[in-house]
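Biologist: Before we look at individual residues, I would like to learn how to read the features of a model like this one. Could you take me through them step by step, giving the general idea and then the case at hand?

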Amino acid sequence: MFIISVPIKGQISPGELSKQHAAYEGLSNCTKCHVLGKAVTDDKCLTCHKEIHNLIDNKRGYHSSDDVKSKKCFNCHNEHHGRKFQLIKFDSDKFNHKKAGFELLGKHSELKCAECHTQKFNKSKKNKTYLGLNTKCLTCHQDYHKGSLGENCISCHNNKTFKEVNKFDHNKANFKLTGKHSSVDCNKCHKTVIKDGKETQIFKGLQFSSCSNCHTDQHSGKFGSNCESCHVTNSFKEIKNIGKFDHNKTNFPLIGKHTDVTCLDCHVGGISNKPKYEKCSNCHEDYHEGQLTKNGIKRDCSVCHIIEGFNITQFPIEEHNKTKFQLLGSHLAITCQSCHYKEEKWQFLIKGENCINCHENVHKNFISKEFLGENNCQNCHNNNAWSEIKFDHKTTGFELSGVHGNTSCKKCHFKTATNGSTLQIFSELNGNCENCHTDNHAGQFKEEGKTNCTKCHTFNNWKPEKFIHENTKFKLEGAHAKVNCDKCHKIVEINNNKTKQYKFDDVKCSNCHI
């Protein structure tokens, strides 16, 4: 019998396995970790440690880092050092988490390991392990956006605070932020609502095809829905294409003189400042300084003026006749300036009841108050023509009869002085014919200083139709009745005036007969 001597050194265990691998103790289990006659291989380790195998295959975790991926498993985790041997030497306080593929930044750096590495977040069913977590935010954090913005939270948020969204580039969205939009708080557009019983902020599905989706149309649709045809996002008050703006679409169409006005004359302080326009006085100074106030309300310029020109007025006669002074007769043809423009200033609150408010009283004190009272010219004159006189002359005690009724007032009441000026004679006149007529009889018929022509004459003609010779001292009888007047009444000189003699001291025959 031959005894073959075979070395048995390699077939004897070099020492006990650690507590974690104790189940594989014994010669029959060696090949579960070792390749017969060879060292431990990574394949054998990763066959059991599938979670690490999976991480390496996906190039994730600490075992895929540059510090580890080039090493063999047994370089760090070797066995046969006894049951109490610490197979995994890991100091959580000194561990560089960046090597695990997830650098702890911001708020994450303040967390304790157990706050994340817990079975609550770990998909692996193993306890007391740091494996099983992935780097996705939603592994630990609730999806505030309910899946509407995907799973990559870090594309918008940072690690310092969830509310700080400094990574999101709005220009990559369908709605680019330009002008004032770039400084608007996110919450202004992205409202927070209650969804499924929880608050959530809406980011997707917002309407933005029209400005009116967010902004109130201050023009109430008058200018269409395309706000950008006039406005820009830099400022609502900044207007473009102003020269092409159709002002007739507004409540105040530009017509007449308003077409010549520049925009900023009305839109003071900025083209988008909406001025008041209901009354002319909203823009125009009250030229009349409040004169045209009726019942405590200032009347608007449009009552009289039109927009074709301030100097063109349209105050109707009907309205003027509602005032205290109605326009009648010749007053209808008088321009407004004639009465209302005095001393280079328009005056409308004038006393128009009396003629002397506009007309000079040419009669002054020549006519007594009895006939002119309160300077009321209408006692004689009317509105049709100044030359038309309607006066009841009987009220003076001197009725205008005969030719006097057709005689111009001027014949009696206006005289020319020696210096060429015109004298008015009204109150000085009495009923004496000599006030107007020359006494051709040289005072022969004066009685108590007055000659009463009406004893012989009428107002129809100068003929002595009322004279009756029978009523004189010398009645015409016989042949005397046939004698021509001139035979007896000769031309003589009386009071230095040549005239016919009608008055005789006596009526002796010798006066005429020799």
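Modeller: Let us begin with a term that will return often: a residue counts as buried when its relative accessible area is under 20%, as exposed when that area is over 50%, and as partly exposed in between. Please keep in mind throughout that this is a predicted model.

Biologist: With that scale in hand, how many of the 514 residues of the protein, as a percentage, count as buried?

Modeller: Of the 514 residues, 15% count as buried. The accessible surface of the protein comes to about 39,800 Å², and 54% of that area belongs to carbon and sulfur atoms.

Biologist: What radius of gyration does the protein have, and what would a compact globule of 514 residues have?

Modeller: The protein has a radius of gyration of 65 Å, whereas a compact globule with 514 residues would have one near 24 Å. The C-alpha trace can be read beside that value, since along the principal axes it spans about 240 × 40 × 35 Å. As for secondary structure, the protein contains 11 helices and 16 strands. If we take the contacts between residues at least 6 apart in sequence, 37% of them join residues at least 24 apart.

Biologist: Let us turn to charge; how many positive and negative side chains are there, and how far apart are the centres of the two sets?

Modeller: There are 75 positive and 56 negative side chains, and the centres of these sets lie 11 Å apart. The general idea behind the next step is that side chains of opposite charge can pair when their charged atoms come close. Searching the whole structure for salt bridges gives 11.

Biologist: Which parts of the chain are linked by the salt bridge between Asp67 and Lys99?

Modeller: The side chains of Asp67 and Lys99 meet with an N to O distance of 2.5 Å. This pair links distant parts of the chain, with Asp67 in the loop between α2 (50-57) and α3 (73-76), and Lys99, 32 residues apart from it, in the loop between α3 and α4 (113-116). On the scale from the start, Asp67 is partly exposed because its relative accessibility is 37%, and Lys99 is partly exposed as well, at 33%.

Biologist: With which residue does Lys298 form a salt bridge?

Modeller: Its partner is Asp286, and the closest N and O atoms of Lys298 and Asp286 are 3.6 Å apart. Lys298 belongs to strand β6 (residues 297-298) and Asp286 to the loop between α6 (263-266) and β5 (293-294), so the bridge ties together parts that are 12 residues apart in sequence. Lys298 is partly exposed at 43%, and Asp286 is partly exposed at 25%.

Biologist: Is Lys508, which pairs with Asp506, buried or exposed?

Modeller: Lys508 counts as exposed because its relative accessibility is 52%, whereas Asp506 is partly exposed at 31%. Their side chains meet in a salt bridge at 4.0 Å, N to O. Salt bridges can also join into a network, as they do in linking Arg299, Glu319 and Lys322.

Biologist: What about a histidine; is His108 buried or exposed?

Modeller: His108 counts as buried because its relative accessibility is 17%, and the cut-off for that class is under 20%. His108 is found in the loop between α3 and α4. Apart from neighbours within four places in sequence, His108 is in contact with Phe102, His141 and Asn159.

Biologist: Finally, I would like to consider the backbone; which residue in the loop between β13 (446-447) and β14 (450-451) should I look at?

Modeller: The residue to look at there is Glu448, which has a positive phi of about 60° although it is not a glycine. Glu448 counts as exposed because its relative accessibility is 86%. Asp196 offers another case, with a positive phi near 55° in a residue other than glycine. Asp196 lies in the loop between β1 (192-195) and β2 (198-201), and at 68% relative accessibility Asp196 counts as exposed.

Technical notes. Residues numbered from 1 in each chain as written. Predicted model: local features only at pLDDT ≥ 70, side-chain atom pairs only at ≥ 80, totals over all residues. Heavy atoms only, no water. Helix = DSSP H or I, 4+ residues; strand = E, 2+ residues; numbered from the N terminus. Rg over C-alpha atoms; globule rule 2.2 N^0.38 Å. Buried < 20%, exposed > 50% of the residue type's maximum accessible area, 1.4 Å probe, protein only. Contact = heavy atoms within 4.5 Å. Areas by Shrake-Rupley, 256 points an atom, 1.4 Å probe, with all protein chains shown as cover. Lys, Arg positive; Asp, Glu negative; His and termini not counted. Charge placed at Lys NZ, Arg CZ, Asp CG, Glu CD.
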